[in-house]
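Biologist: Hi! I've got a new model open and would love a quick tour. Could you walk me through it?

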Amino acid sequence: MPTAIAVTSRELVLPPTFGHALPDGQTPSGVVLPHPDAQSLETALAETAALLDQQGYLVVLYPAASPAPLVRRLHTVRSLLESDRIALLALDLPPLAVGVLARQLRQLSVADFSPGVLGCAARLLAHYIHAGAQLGSVARLDRVPVGLGSHVRSWVPGSRFGVIAHPTPRLVTVGGGADEPPAPGYATQLTLARGQHGGHGADWITGTLASGWRVTGVQEVELPGESPRWWGTGRLTEFAAAIPDLSVLYQLVASVRREECHWCGLELIGDRCAFCSCPVPRSEAAPALAPAARPALTSH
């Protein structure tokens, strides 16, 4: 049965990747579930019900740090519709990375994965996304540990910082001679988005990281509306490095053992159902989808 992939702002519906994705026109578009300020509850209920009638299942991705009114709206709609066909997945990722992950699920939604497996795939594929930003100040950054010295340097004109928020938080001073973040063990494609006034440069991203991370291409998109709040500044260039090759993504998901949720009956991978949140009984649980247990990738 078809599965729709939804996000919470139009900027998170990213255009298809190039070179390794589906042919033009075959990547399904994402669904946008607006903020409560932009849409009444009645309209949200009617549009979501119509979407479920048309698509069957709905997987909603949103940053775990989203505003409380938006999160309440998502849960209210699911509750009032009394639907177990809506998966609400809060992700510990920066906004742009959520959009990149949603794009990967949109690509995989045309494959032969069941809704339950596709929903659970979000947690698996998130481990393979490297997300961060180039910032002019870290004075208000609270998503990554920031030392006193970096806070002080934030007040020095011209200071620039490279931040990795996922998978392992790290902060470096651009041009400071510090060790660079470790590269992914596989080829990636960079998606980047500039903030106000062109962000705060992208030379560290497109130069240092791109050369060390075996980047196969760079795609520039619009900055998500939630990014300045997430990073603590509007002067930023946000990025996410991810696997662009659909065949590799398919291999990753297909290689994980499938279970049946003992509560709702949907297929799942990992240790928890994406739709009803019911955990797999401990005696039956597959290895957790953590970095140490994730399937190996063939180098490309």
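Modeller: Happy to! One term first: two strands count as paired if DSSP finds at least two bridges between them. Keep in mind that this is a predicted model.

Biologist: Got it. So how many bridges join β8 to β9, and do they run parallel or antiparallel?
Modeller: There are 6 bridges between β8 and β9, and the two strands run parallel. As an example you can click on, Thr 191 has Gln 219 in β9 as its bridge partner.

Biologist: Nice. What holds strands of a sheet together in general?
Modeller: Backbone hydrogen bonds, in either a parallel or an antiparallel arrangement.

Biologist: And which sheet do those two strands belong to, in what order?
Modeller: They sit in an open sheet of 6 strands, ordered β7-β6-β5-β10-β8-β9, and its pairing is mixed. The edges are β7 and β9 (215-222), each of which pairs on one side only. On average, neighbouring strands in this sheet are turned by 20° against each other, ignoring direction.

Biologist: Does anything sit on that sheet? Which strands does α3 touch?
Modeller: α3 packs on the sheet and touches β5 (130-135), β8, β9 and β10. The direction of α3 makes about 30° with that of β10.

Biologist: Back to the other edge for a sec. How do β6 and β7 pair?
Modeller: β6 (residues 161-166) and β7 (residues 170-173) are antiparallel, with 4 bridges. Together they make a hairpin with 3 residues between the strands. Phe 161 has Thr 173 in β7 as its bridge partner.

Biologist: New topic: holes. How many cavities of 30 Å³ or more are there?
Modeller: The count is 1. The volume of the largest cavity is about 80 Å³.

Biologist: Which element gives the most to its lining?
Modeller: That's α3, with 4 residues. The elements giving two or more residues to the lining are α3 (95-108), β8 (188-194) and β10 (236-242).

Biologist: Can you name some of the lining residues?
Modeller: Sure, among them are Thr 17, Arg 103, Gln 104, Gln 189, Thr 191 and Ile 243. Thr 191 is also the residue bridged to Gln 219 in β9.

Biologist: What's the mix of residue classes in that lining?
Modeller: The lining of the largest cavity has 5 nonpolar, 5 polar and 1 charged residues.

Biologist: Last one, zooming out. How many helices and strands does the protein have?
Modeller: There are 8 helices and 12 strands. Of its 300 residues, 52% count as buried. For contacts between residues at least 6 apart in sequence, 78% join residues at least 24 apart.

Definitions and conventions. Residues are numbered from 1 along each chain as its sequence is written. This is a predicted model: local features need pLDDT of at least 70, side-chain atom pairs count only at pLDDT 80 or more; totals for chains, interfaces and linings use all residues. Side-chain values use heavy atoms; hydrogens and water are left out. On a 1 Å grid over the protein atoms alone, a cavity is a set of points where a 1.4 Å probe fits but cannot get out, and a pocket is an open set with protein on both sides within 12 Å along at least five of seven lines; lining residues have an atom within 4 Å of a point. Grid points are joined across faces, edges and corners, and a volume is the space filled by probe spheres set on the points. Ala, Val, Leu, Ile, Met, Phe, Trp, Tyr, Cys and Pro count as nonpolar, Asp, Glu, Lys and Arg as charged, and the others, Gly among them, as polar. Axes are lines fitted to C-alpha atoms, for helices over the stretch in contact, and angles run from 0 to 180 degrees between N-to-C directions. Contact means heavy atoms within 4.5 Å. Buried means under 20% relative accessible area, exposed over 50%, partly exposed in between (1.4 Å probe, protein chains only).
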